[in-house]
Amino acid sequence: MSELNGREKAALRYYIGDVSGNAEFWSDPKAYTALNSLFFAGTATERSRAAEGKRLNPAILADTERLTELFAELFSAFGKCSSETELRTYRVERWSDYALCKSAGATLSFTSTSTAGFLSEYRDRRGIALMRLTLPQGTPCIDVASALDFYAKPEEAEVLLPPFLALEITEQPVSDSDRRILDSAGLPPHCSCEVTTGQLLPCTAKAAELPHGGAEAGQRVFAALNEGDPPSPEDEEQYTQWKAAYLTKLHEMFTK
């Protein structure tokens, strides 16, 4: 692993929630909620996060250039980091997100895993899937404790996976011990699976100009969902089109 520079470390600290100050963008310890939602098509992901009581920070979308620079630094950090040996990690995943990842055969967003087992902090989801991951040597990933000079959450033993990473998933019966791991409604996991990571998938979509006003529409979508209100159909459509174009931009930026 190459040493991360100051900007890459700052972006990583921001992503994991090690923040300070009161700036609306930079002080959000849960910014990853909104950041990761940008990697999923439509608005179902935003709606599910809001339904769980998680806030979608509209400031994330207030400055597209700032947002893109943040992603660029995170992608740059992944370019310097990979597993030096085979790693075994774990994740409590939302059932809805798991189904999408299984269908795509890849991570769809930044994905936090842990070498410390299934963390109770990540059981605040409605419907869960348990993922046991094998990361072969050379897998693009960031061992957060090794990458940062100071790690604010050492108990999480986080290994962060990038979006667009190929996954080979094999489902298994849910064991009696796994059934004791409950979601936010007190229900056992929908499934348990073994996962082996591969390499980054290339971008095959054609890049397009970002639709004008889409990020602003996204801010209004976030604000409505935070209040428990349905977004306007016009804002939702405009934001969805913008997000699709922006995701292609990010995929091309990362893999090319």
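Which side chain does Arg 94 meet in a salt bridge? The close-ups below, all taken from a predicted model, begin with that pair.

**Close-up 1. Arg 94 and Glu 52 meet in a salt bridge.**
The partner of Arg 94 is Glu 52, with 3.1 Å from N to O. Arg 94 belongs to strand E1, while Glu 52 sits in the loop between H3 and helix H4 (64-80), so this pair ties together parts of the chain that are 42 residues apart in sequence. Is Arg 94 buried or exposed? Its relative accessibility is 6%, so Arg 94 counts as buried. Glu 52 counts as buried too, at 18%, because the cut-off for buried is under 20% relative accessible area. The pair also has company: Arg 49, Glu 52, Lys 54, Arg 94 and Asp 97 are linked in a network of salt bridges. As background, side chains of opposite charge can pair when their charged atoms come close.

**Close-up 2. Helix H3 has buried residues along one face.**
Look along residues 44-51, which make up helix H3, and you will find Thr 45, Glu 46, Arg 49 and Ala 50 buried. Seen down the helix axis, these buried residues fall within an arc of 135°, so they line one face of H3. What covers them? The cover includes helix H2 (31-37), strand E1, helix H5 (95-104), helix H7 (214-226) and H8. One of the buried residues, Arg 49, is also part of the salt-bridge network with Glu 52 and Arg 94. Just after H3, look for Gly 53, which takes a positive phi of about 85°.

**Close-up 3. Glu 3 and Lys 9 form a salt bridge.**
Here the closest N and O atoms are 2.9 Å apart. The two partners make a nice contrast: Glu 3 is exposed, with a relative accessible area of 59%, whereas Lys 9 is buried, with 8%. How many salt bridges does a search of the whole structure find? The search finds 15.

**Close-up 4. The second largest cavity has a volume of about 40 Å³.**
A handy idea for this view is that rolling a probe the size of a water molecule over the atoms shows where empty space is left. The structure holds 2 cavities of 30 Å³ or more. Around the second largest one you can find Arg 91, Glu 93, Cys 101, Thr 107, Thr 111, Met 131, Leu 133 and Leu 167. By class, this lining divides into 4 nonpolar, 2 polar and 2 charged residues. Strand E1 (87-94) and strand E3 (128-135) each supply at least two of the lining residues. Two members of the lining, Arg 91 and Glu 93, form a salt bridge with each other, their closest N and O atoms being 3.0 Å apart. Arg 91 counts as buried at 11% relative accessibility, and Glu 93 is buried as well, with a relative accessible area of 5%.

**Close-up 5. The second largest pocket holds about 260 Å³ of space.**
Which of its 18 lining residues are the closest to the centre? They are Phe 39, Leu 108, Phe 164, Leu 247 and His 251. Helix H8 (residues 233-255) gives the most to this lining, with 6 residues. Sorted by class, the lining of the pocket has 12 nonpolar, 5 polar and 1 charged residues. You have met H8 already, as part of what covers the buried residues of H3.

Methods
Residues numbered from 1 in each chain as written. Predicted model: local features only at pLDDT ≥ 70, side-chain atom pairs only at ≥ 80, totals over all residues. Heavy atoms only, no water. 1 Å grid on protein atoms, 1.4 Å probe; cavity = no way out; pocket = protein on both sides within 12 Å on 5 of 7 lines; lining within 4 Å. Points joined across faces, edges and corners; volume = space filled by probe spheres on them. Helix = DSSP H or I, 4+ residues; strand = E, 2+ residues; numbered from the N terminus. Nonpolar A, V, L, I, M, F, W, Y, C, P; charged D, E, K, R; others polar. Buried < 20%, exposed > 50% of the residue type's maximum accessible area, 1.4 Å probe, protein only. Arc of directions from axis to C-beta. Contact = heavy atoms within 4.5 Å. Salt bridge = Lys/Arg side-chain N within 4 Å of Asp/Glu carboxyl O.
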